[in-house]
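Here's a quick briefing to read alongside the model. Keep the viewer open and click through the residues as they come up.

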Amino acid sequence: MNPDLEPIHLKFPLRMVFPQFDSTLTELILTLDHLRDKKSWESTMPPNMFSQVQDVFFLLESVATARIEGNHTTILEYVSSKINQPVTTSSGIQEILNLEATLSWVEETAKDREIPMRRMYVQELHRRLVQGLAWYPEGEGDSTPGEYRNVSVLIGSHKPVDFTQVPDYMEDLFDFLEEERPARMDLLKIALSHHRLVWIHPFQNGNGRTARLFTYALLVRYGFGLETGRLFNPASVFCATRETYYQKLAAADRAVPTGDDAPLLDWCEYVLAGIHRETEHLSQLTDYAFFSSKILRPAIRQTRQGGEITEREEKILLEAVAKKVLVPGDVREMFRFDAATVSRLIRGLRDKKMLVPTAPNARSYSLQFANNVLLRGVIRAMGQEGFLPIPNEP
């Protein structure tokens with residue numbers, strides 16, 4: 001018999017767990033499944049504004065998941081690096097740049113159901129995350145990017161499977177994800193798969209980052225992605241309570257050899273409760289009235305107070321927030337200036353990347369904040385409203 005076709009025999013195969021009917025976990029499953037199946041997600045955000053918020057969430061997600069692994073780069077340090085575009089990039093910044101680029105890749109690929117989420121996908125995910133980084137322990141890279149580890153390791157008190165068993169255990173994980181089950185079980189499969197990938201520890205380094213982004217890929221695949229008009233920051237589930245995250249993982253680790261379902265059910269409840277919390281909380285940011293009054297306007301005022309825009313520029317940007325689409329006539333009406341002066345003011349804000357044409361060669365403009373100094377104010381305002389995945393920042 002061809003050894004490649006022989007059945008995989010595992011000492012601890014991945015298994016589904018089933019909550020009690022009247023449990024909190026069952027209630028979370030039903031609630032989240034309802035949110036996923038909602039045909040119309042109420043959003044009043046203009047498309048160009050939503051895409052910028054998506055960029056901000058990729059930024060926040062990238063910093064947060066790096067911080068879980070010990071990267072000390074702050075959100076505002078990373079924001080400054082993006083605005084100033086330094087010639088040299090620190091290892092901490094490069095790690096976050098990798099995360100941000102990989103998130104965009106996940107968004108593009110996870111929607112395509114023709115792409116199987118198996119070995120090649122996870123290995124490519126890992127390769128993108130660690131490329132260009134110094135090898136561990138000098139940095140957060142891996143000496144074999146995108147390849148399963150070829151050595152045995154010890155992670156604290158947890159001894160992952162021997163490297164010779166990694167391929168079989170990973171195939172078991174992929175098979176588990178592809179098992180035909182009712183759709184309401186999808187989130188249980190995602191939660192259990194996150195733990196299993198970390199438990200296997202398939203790579204020499206970068207396993208936590210890979211697990212969290214693979215979890216995000218699965219959420220996109222199963223209908224919780226940003227393309228539906230929802231905002232979701234998966235690192236918030238883990239980063240806001242980093243110690244709890246590791247405690248729950250450790251408890252689930254101990255349950256694998258014993259066959260005890262209780263810690264695994266507790267782990268699933270922890271993950272799903274975090275997803276529910278974030279989904280409900282971040283739905284506010286799809287309400288343009290909330291976003292403009294609580295985030296954009298304070299951000300513009302803070303930028304003016306910092307001396308980075310003039311009083312006139314502040315008024316023009318605030319008008320752009322109010323109108324959603326700004327035309328030169330709006331500026332003439334505000335100041336009673338001639339056309340040449342209005343053009344000069346608008347050109348100045350375009351040069352600062354704060355106003356962009358709504359279409360090529362259009363003479364109508366919308367606010368831009370994701371790639372200029374306004375981003376600092378947006379991040380601060382989001383922090384004041386409790387939307388950052390890392391507590392007490394910036």
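What follows goes through helix packing, then a handful of single residues.

This is a predicted model, so treat the values below as computed from it. Two helix pairs share H8 (residues 207-221) as a partner: H4 packs on H8, and so does H5. After that come Arg209 in H8, two loop lysines with positive phi, and three further residues, Asn372, Asp55 and Glu314, each with its own surroundings.

**H4 against H8**

- Two packed helices are described by the angle between their axes and the distance between the axes.
- For helix H4 (residues 91-110) and helix H8 (residues 207-221), that comes to an angle of about 25° and axes 9 Å apart.
- H4 is therefore roughly parallel to H8, since angles under 35 degrees fall in that class.
- The crossing of H4 past H8 is right-handed.
- On the H4 side, the residues in contact are Glu95, Leu99, Thr102, Leu103, Val106, Glu107, Thr109 and Ala110.
- On the H8 side, they meet Arg209, Leu213, Tyr216, Ala217, Val220 and Arg221.
- Sorted by class, this H4 and H8 contact holds eight nonpolar, two polar and four charged residues.

**H5 against H8**

- Helix H5 (residues 119-130) packs on H8 at an angle of about 125°, and the axes are 10 Å apart.
- That angle makes H5 oblique to H8.
- H5 and H8 also cross in a right-handed way.
- H5 brings Tyr121, Val122, Leu125, His126, Leu129 and Val130 to the contact, while H8 brings Arg209, Thr210, Leu213, Phe214 and Ala217.
- The class count for H5 with H8 is eight nonpolar, two polar and one charged.

**Arg209 in H8**

- Arg209 sits in helix H8 and turns up in the contact with H4 as well as in the contact with H5.
- Is Arg209 buried or exposed? Its relative accessibility is 1%, so Arg209 counts as buried.
- A polar atom of the Arg209 side chain lies 2.8 Å from the backbone oxygen of Glu140.
- Setting aside neighbours within four places in sequence, Arg209 is in contact with Thr65, Glu69, Glu95, Leu99, Leu129, Val130, Leu133 and Glu140.
- Of those partners, Glu95 and Leu99 also belong to the H4 side of the H4 and H8 contact, and Leu129 and Val130 to the H5 side of the H5 and H8 contact.

**Two lysines with positive phi**

- Most residues other than glycine have a negative phi.
- Lys324 has a positive phi, near 70°, and is placed in the loop between H13 and helix H14 (328-335).
- With a relative accessibility of 35%, Lys324 counts as partly exposed.
- Lys353 has a positive phi too, near 65°, and is found in the loop between helix H15 (339-351) and strand E1 (355-357).
- Lys353 is partly exposed as well, at a relative accessible area of 39%.

**Asn372 and its loop**

- Asn372 is in the loop between strand E2 (365-367) and helix H16 (374-384).
- Its relative accessible area is 3%, so Asn372 is buried.
- The Asn372 side chain reaches the backbone nitrogen of Leu374 at 2.9 Å.
- Beyond its neighbours within four places in sequence, Asn372 is in contact with Ile83, Lys352, Lys353 and Met354.
- Lys353 in that list is one of the positive-phi residues above.

**Asp55, Glu314 and Ala370**

- Asp55 is found in helix H2 (residues 47-68) and is partly exposed, with a relative accessible area of 40%.
- Where does Asp55 make contact, not counting residues up to four places away in sequence? Asp55 touches Glu100 and Ala370.
- Asp55 and Ala370 are 315 residues apart along the chain, with their C-alpha atoms separated by 6.8 Å.
- Glu314 lies in helix H13 (residues 311-323) and is buried, at a relative accessible area of 13%.
- Glu314 and Ala370 are 56 residues apart in sequence and 17 Å apart in space, C-alpha to C-alpha.
- Leaving out neighbours within four places in sequence, Glu314 is in contact with Ile300, Arg301, Arg304 and Ile309.

Notes: Residues are numbered from 1 along each chain as its sequence is written. This is a predicted model: local features need pLDDT of at least 70, side-chain atom pairs count only at pLDDT 80 or more; totals for chains, interfaces and linings use all residues. Side-chain values use heavy atoms; hydrogens and water are left out. Axes are lines fitted to C-alpha atoms, for helices over the stretch in contact, and angles run from 0 to 180 degrees between N-to-C directions. Helices (H or I, at least four residues) and strands (E, at least two) are DSSP runs, numbered from the N terminus. Angles under 35 degrees count as roughly parallel, over 145 as roughly antiparallel, 65 to 115 as roughly perpendicular and the rest as oblique. A crossing is left-handed if the near helix is turned anticlockwise from the far one by less than a right angle, and right-handed if clockwise. Contact means heavy atoms within 4.5 Å. Ala, Val, Leu, Ile, Met, Phe, Trp, Tyr, Cys and Pro count as nonpolar, Asp, Glu, Lys and Arg as charged, and the others, Gly among them, as polar. Buried means under 20% relative accessible area, exposed over 50%, partly exposed in between (1.4 Å probe, protein chains only). A polar contact is a pair of N or O atoms within 3.5 Å; within protein, one must be able to donate a hydrogen and the other to accept it, and residues adjacent in sequence count only if both atoms are side-chain atoms.
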